[in-house]
Amino acid sequence: MAAVRVTMDVGSDAVAVITIRNPPVNALALPIVTGLKEKYAEAMSRSDVKAIVLTGEGGKFCGGFDINIFAAVQNTGDLSLLPNTSVELVVNVIEDAPKPSVAAIQGLALGGGLELAMGCHARVSTPEAQLALPELALGVVPGMGGTQRLPRLVGLPTAIEILLLSKSIIAKEGKEYGLVDAIASPEDLLKTSRMWALEIAEQRKPWIISLRRTDRLGSLSEAFETLKAGRQQAKRIAPNVPQHQACLDAIEEGINFGGYAGLLKEAKVSKELMCSSTTKGLIHVFFAQRATSKVPNVTDVGIRPRKIKRVAIIGGGLMGSGIATALILNNTPVILKEIDSNLLQKGLKTIEANLQSLVKKGSLTIEKMNKTLPLLTGVLDYSEFKNVDMVIEAVVEKVSLKQSIFADIEKACPPHCIFATNTSTIDLRIVGEKTHSQGRIIGAHFFSPAHVMPLLEIVRTDKTSPQVILDLMTVGKTIKKVPVVVGNCTGFAVNRTFFPYTQAAQFLVNLGVDLFRIDRVVSSFGMPMGPFQLQDVSGYEVALAVKDFFASSFRGRTLESELVGLMVKHGRNGKNNGKGYYIYEKGQKPKPDSSVQPIIEECRRRANVMPGGKPVTLSDQEVLEMIFFPVVNEACRVLAEGVVIQASDLDIASVLGMSFPKYRGGIVYWADSVGSSYIYEKLNKWTELYGNFFKPSPYLEERAIKGLPLSMLRVAESPQMKARM
Ligand SMILES: C[C@H](O)CC(=O)SCCNC(=O)CCNC(=O)[C@H](O)C(C)(C)COP(=O)(O)OP(=O)(O)OC[C@H]1O[C@@H](n2cnc3c(N)ncnc32)[C@H](O)[C@@H]1OP(=O)(O)O
């Protein structure tokens, strides 16, 4: 393995190039921090060095402070593991040094990496380098002076926007903002940086110490107005987490008392946040997401992904058109097949509209849209399928239809072609039953809207070949999804784990709890919307279509409710026709519709589950627990059956597929923070009151009794335990 180290080369021009080497992203690990101090000390002491260029090896400047150190602090509670990089390295060693430094940035300068660069006296960058301070997304605040130097370089409003949104900018924008002093091609980067550094040393260019600048901060009253607006924005975008306000506190301190005082405040709040539950959850998610790319017997057996040059999609409905959008956006040609020209035109138009909406939002240029659309071809038969490397079937959830499509594509496609289905629920072995191609059948379960939602659940059976899994993982990454490989069962990992979510919410309504209150409680917990609004948005057809799959697969632990059926009977179809539990009007926020009350009453009468015919009284916490603990219970079954490789995969799947709050670390991580025995006790109590829907699974029971975390997959299982699973 390549050594983690800092090197220094002194040229005949009297410039020392100090290079960080810590592949793959040159993170600031402890040996790098020490190495930087040592090389700077050497550069200061050498009479043949007039100036320094700081850079990173392998085309990347620096991906930031080593996040493993944060994890170590959180595991041990020992804050002394954090080096004082802010004052001892950036201020004392780089910024206040008697010789000037220029950062030569290529690839990326993130977090502590950008902060190092801002401590230098100028920054030269290649045009496409990515610059960001993404610390808030990790639950911390920039801890190496970013809260002070960024506003002093780019002005307060821009700095606050970049910080609060963890926004990444490219160097060209950085130059406009004043963060980057010069742009150079990769070939000229070092040459330009060396010259710049010498010119500073020889006073032909200004020697700028960004921490001491005030010219871009504006007047005090302007600064306070901007901070006030920033605080309101933070409340809106991140209501349940502390780091956004803490970041603004550090900025405010610097405005009031100067950059150095701001640094001290920044260090203080950084330490306070480090072991908070939010930060722990977000750092867990960071590593959990990376862990999904390591799949035993797939990514560790020496096979290489094949090139997928062309993909066919069958079905141009909501899902098919979303998947096609994601593929063409990332330069993969797509053939879209429909059964008649009306449906085909509709599908093609939806894809165009998807692209246009991205243009409207500013995330796609018109030029790129015009280059993207020709990658799409519409067809009505299989004749073009002889040239495709992968088919993704995205038709309605009807077993016989899927089976006949798979039999057809087996005849129409080349023998290497991958057959993927976007089913969200149906067992893959059943889908491929009429083929002789089980080895190349795989689930590509996208989440709606497929061109936006980041999760790709890759479903394998015991027959799916590792090559096919690896190929789909690679396609997933190419289209900027996070692929999570899961096993085959009804609902797979996400929909299976979350089927009790909707059912529990509907049961609570039947018990007499106000439907809109349930949505409010769940939203305050951090879900983007409650279960009923979600049902409105995702469409009642889906809910009605999958209900029976769950009931037959999970006998004895599903709850029936007639609510959705009654809604449809009363002419309501959710967001589709503007009338669901909420009213949907163009350009307006959904409004709770009190006229659904009679439908709810009818549903309650039919269900007749209120004890003594009276509505139950529950606290908000009980409402939340009655919805999420059954989800945790099903997650335990998913873990016990090995549907996911590791518990953290389910965390990522819940965060990216169900928008479970990231700062709570994912469903299993959150459950462990609540405690298995507490969840077990509650589920037992509700089982007595309301039946087997709540009955704790053997996996949960065992961990609760032994006081073990749910994320610990391997516990010596007794034969009785196995028999009961
Ligand atoms: C004091 C300071 O203010 C605090 C900080 O600096 S906090 C850190 C700020 N930096 C960040 O948040 C950047 C985090 N990293 C990333 O966003 C992405 O890894 C990246 C954009 C740099 C690269 O993405 P990509 O090419 O897809 O590679 P990715 O798989 O994510 O990472 C490659 C490896 O580098 C590791 N890595 C990336 N950034 C790291 C970091 N800052 N510290 C430690 N390891 C890191 C990943 O864990 C992964 O390790 P693995 O191969 O063992 O799983």
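In which hand does helix 3 cross helix 4? In this predicted model, helix 3 passes helix 4 in a right-handed crossing. The pair, made of residues 85-95 and residues 112-119, packs at an angle of about 30°, and the two axes are 9 Å apart. Since angles under 35 degrees count as roughly parallel, that makes helix 3 roughly parallel to helix 4. On the helix 3 side, the residues that meet the partner are L89, V90, I94 and E95, and helix 4 brings E115, L116, M118 and G119. Sorted by class, this contact of helix 3 with helix 4 has 5 nonpolar residues, 1 polar one and 2 charged ones.

Helix 3 is also home to S86. With a relative accessible area of 4%, S86 is buried. Setting aside neighbours within four places in sequence, S86 is in contact with V91, with G143, M144 and G145, and with L263 and E266.

A little earlier in the chain comes helix 2, residues 67-76, which holds I69. I69 has a relative accessible area of 9%, so it counts as buried. Leaving out residues up to four places away in sequence, I69 touches L28, A29 and L30 as well as L81 and L82. Q403, by contrast, is 334 residues from I69 in sequence and 51 Å from I69 in space, C-alpha to C-alpha.

Next up is helix 6, which runs over residues 156-164 and has L156, A159, I160, I162, L163 and L164 as its buried residues. What do these buried residues pack against? The partners are helix 5 (146-154), strand 8 (169-170), helix 7 (171-177), helix 9 (220-237) and helix 10 (243-257). Just past the end of helix 6, S166 takes a positive phi of about 45°.

Further along, another pair of helices meets. Helix 13 (residues 318-329) and helix 14 (residues 341-361) have axes that come within 9 Å and cross at roughly 55°. That angle makes helix 13 oblique to helix 14. The crossing of helix 13 past helix 14 is right-handed. From helix 13, the contact draws on S321, G322, A324, T325, I328 and L329, while helix 14 supplies G347, T350, I351, N354, L355 and L358. The residues of this contact split into 6 nonpolar and 6 polar, with no charged ones.

Two annotated domains come from UniProt. An unreviewed entry there gives residues 311-488 as "domain: 3-hydroxyacyl-CoA dehydrogenase NAD binding". In the model, the span 311-488 is 40% helix and 21% strand, and its end C-alpha atoms lie 23 Å apart. For residues 491-584, the UniProt listing, also from an unreviewed entry, reads "domain: 3-hydroxyacyl-CoA dehydrogenase C-terminal". The span 491-584 is 61% helix and 2% strand, with its end C-alpha atoms 29 Å apart.

One last residue is V596, located in the loop between strand 19 (591-592) and helix 24 (597-607). Is V596 buried or exposed? V596 is buried, because its relative accessible area is 0%, where buried means under 20%. Not counting residues up to four places away in sequence, V596 touches F516, M567, R572, G580 and Y581. Of these contacts, G580 is one that can be placed by distance: V596 and G580 are 16 residues apart in sequence and 8.2 Å apart in space, C-alpha to C-alpha.

Note on methods:
Residues numbered from 1 in each chain as written. Predicted model: local features only at pLDDT ≥ 70, side-chain atom pairs only at ≥ 80, totals over all residues. Heavy atoms only, no water. Buried < 20%, exposed > 50% of the residue type's maximum accessible area, 1.4 Å probe, protein only. Helix = DSSP H or I, 4+ residues; strand = E, 2+ residues; numbered from the N terminus. Contact = heavy atoms within 4.5 Å. Axes fitted to C-alpha atoms, helices over the stretch in contact; angles between N-to-C directions. Parallel < 35°, antiparallel > 145°, perpendicular 65-115°, else oblique. Left-handed = near helix turned anticlockwise from the far one by under 90°. Nonpolar A, V, L, I, M, F, W, Y, C, P; charged D, E, K, R; others polar. UniProt positions renumbered as here; feature names shortened; annotations may be inferred.
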